[in-house]
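Open the model in your viewer and keep the sequence panel beside it. The tour below moves from one selection to the next and says what is found at each stop.

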Amino acid sequence: MMPRERKSIDYFLLAGFVTVAEARRLQVTPAHRSVARDLWDNLLVHLCAYSLGEAGPRSGLVELEMFGRAIERERAVRVQELNDKVGRHVIAVAENVTRESREQARSDMLLPLGAPSSGSWQAAINVFSRVIISRAVDGLIHPVFASQTLCRWPIPEPSNQPDVPGIHMIVSAKQLLDSWKDERGRRDVIEQQMMDTFRAGTWP
C-alpha cells in the first residue's frame, strides 16, 4: 500500500466516513503489482511537482537520471514491464538522460504525455491526474483513493480551465467523492461511476 492510500484510510476512519470493515474493503492488494510500474508512476509524479509549483527546479531530476541507469542495468526487464505507449515513452526519454540534459528531459517526458496542453503547468496536471486514475483503472488502487488524491490537489485560479483534461478530472473526482461520502447506500454505484469516468480520461 502506498503512503497516500494509508493516509486516506486513516482519514476516512477518523472522520467517520467508513467503518473498519468498510476500510478493509477499500484496500487493494493486487497480485499483478509491478515494482517497475510503481517506480515510474512515482517518477512521473516527482517530475510534475516543479511545474505544478509544489517543489523546486531540481525536483525529480536525480530520480530521472537514476531511472535511466536502472534501465541500462536491466533493460530486458524494464522493456517487458513497461510495454505500453506510456512505458515506451518513459524508457525512450530516460535511457538518454545525462546530468547535463536532465532539465530538458523532464520537459521531453511530460509535454507529450500531458497533451493537449498550452504549457508546462497544464501538461503536468494532465500527467499527474492520468498517473493516479490509471492506477485505479489497472486495479492498483481503489477508485475512492484515486479520487481522494486528486481532490487534494490545489488548482490556482488563473489555471482553472475546465476544458483541461486534468482539471476536468479533478473536478469530476471531487463531485463523485462528495457523493460517495454523503450517500452510503449508493456507494457501489458511485464507485462504478468513478471507474467509468477514469477509463474515459486515462492515457490517450
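Start by selecting Gln27, in the loop that runs between α2 (20–26) and α3 (35–51). This is a predicted model. Gln27 is partly exposed, with a relative accessible area of 33%. Now add Tyr50 to the selection and draw a C-alpha to C-alpha distance: the two residues are 23 positions apart in sequence and 30 Å apart in space.

Zoom out to the whole chain. The protein has 11 helices and 0 strands. Its radius of gyration is 17 Å, close to the 17 Å that the globule rule gives for 204 residues, so the protein is as compact as a globular protein of that length. Along the principal axes, the C-alpha atoms fill a box of roughly 55 × 40 × 30 Å. Of the 204 residues, 48% are buried. Among contacts with a separation of 6 or more, 65% are between residues 24 or more positions apart. If you turn on the surface, its accessible area comes to about 10,300 Å², and carbon and sulfur atoms account for 53% of that.

Next, select Arg106 in helix α7 (residues 102–113). Which residues does Arg106 touch, leaving out those up to four places away in sequence? They are Leu47, Tyr50, Pro57, Arg58, Ser59, Leu61 and Leu64; Tyr50 is the residue used for the distance from Gln27. Arg106 is buried but has no salt bridge. Glu103 is the nearest side chain of opposite charge, at 4.6 Å, while a salt bridge requires a nitrogen within 4 Å of a carboxyl oxygen.

Follow the chain out of α7 to Pro116, in the loop that leads to α8 (120–137). Is the peptide bond from Ala115 to Pro116 cis or trans? It is cis, with omega near 0°. Most peptide bonds are trans.

Go on to helix α9 (residues 143–151), where 8 of the 9 residues are buried, so the helix is largely enclosed by the rest of the structure. The buried ones are Pro143, Val144, Phe145, Ala146, Ser147, Gln148, Thr149 and Leu150.

Now colour by charge. There are 26 positive and 25 negative side chains, and the centres of the two sets lie 3 Å apart. The structure holds 14 salt bridges, and the following stops visit some of them.

Select Arg187 and Glu22, whose closest N and O atoms are 3.9 Å apart in a salt bridge. Arg187 belongs to helix α11 (residues 187–201) and Glu22 to helix α2, so the pair ties together parts that are 165 residues apart in sequence. Arg187 is buried at 6% relative accessibility, whereas Glu22 is partly exposed at 26%.

Move to Glu74 and Arg78, which form a salt bridge with an N to O distance of 3.7 Å. Here Arg78 is buried, with a relative accessible area of 10%, and Glu74 is partly exposed at 40%.

The next pair is Lys174 and Asp178, joined by a salt bridge with its closest N and O atoms 3.0 Å apart. Both lie in helix α10 (residues 165–182), and being 4 residues apart they are separated by about one helical turn. Lys174 is partly exposed at 44% relative accessibility, and Asp178 is partly exposed at 31%.

Finish by selecting Arg37, Asp38, Asp41, Arg135 and Asp138 together: salt bridges with shared partners join them into one network.

Definitions and conventions. Residues numbered from 1 in each chain as written. Predicted model: local features only at pLDDT ≥ 70, side-chain atom pairs only at ≥ 80, totals over all residues. Heavy atoms only, no water. Helix = DSSP H or I, 4+ residues; strand = E, 2+ residues; numbered from the N terminus. Rg over C-alpha atoms; globule rule 2.2 N^0.38 Å. Buried < 20%, exposed > 50% of the residue type's maximum accessible area, 1.4 Å probe, protein only. Contact = heavy atoms within 4.5 Å. Areas by Shrake-Rupley, 256 points an atom, 1.4 Å probe, with all protein chains shown as cover. Lys, Arg positive; Asp, Glu negative; His and termini not counted. Charge placed at Lys NZ, Arg CZ, Asp CG, Glu CD.
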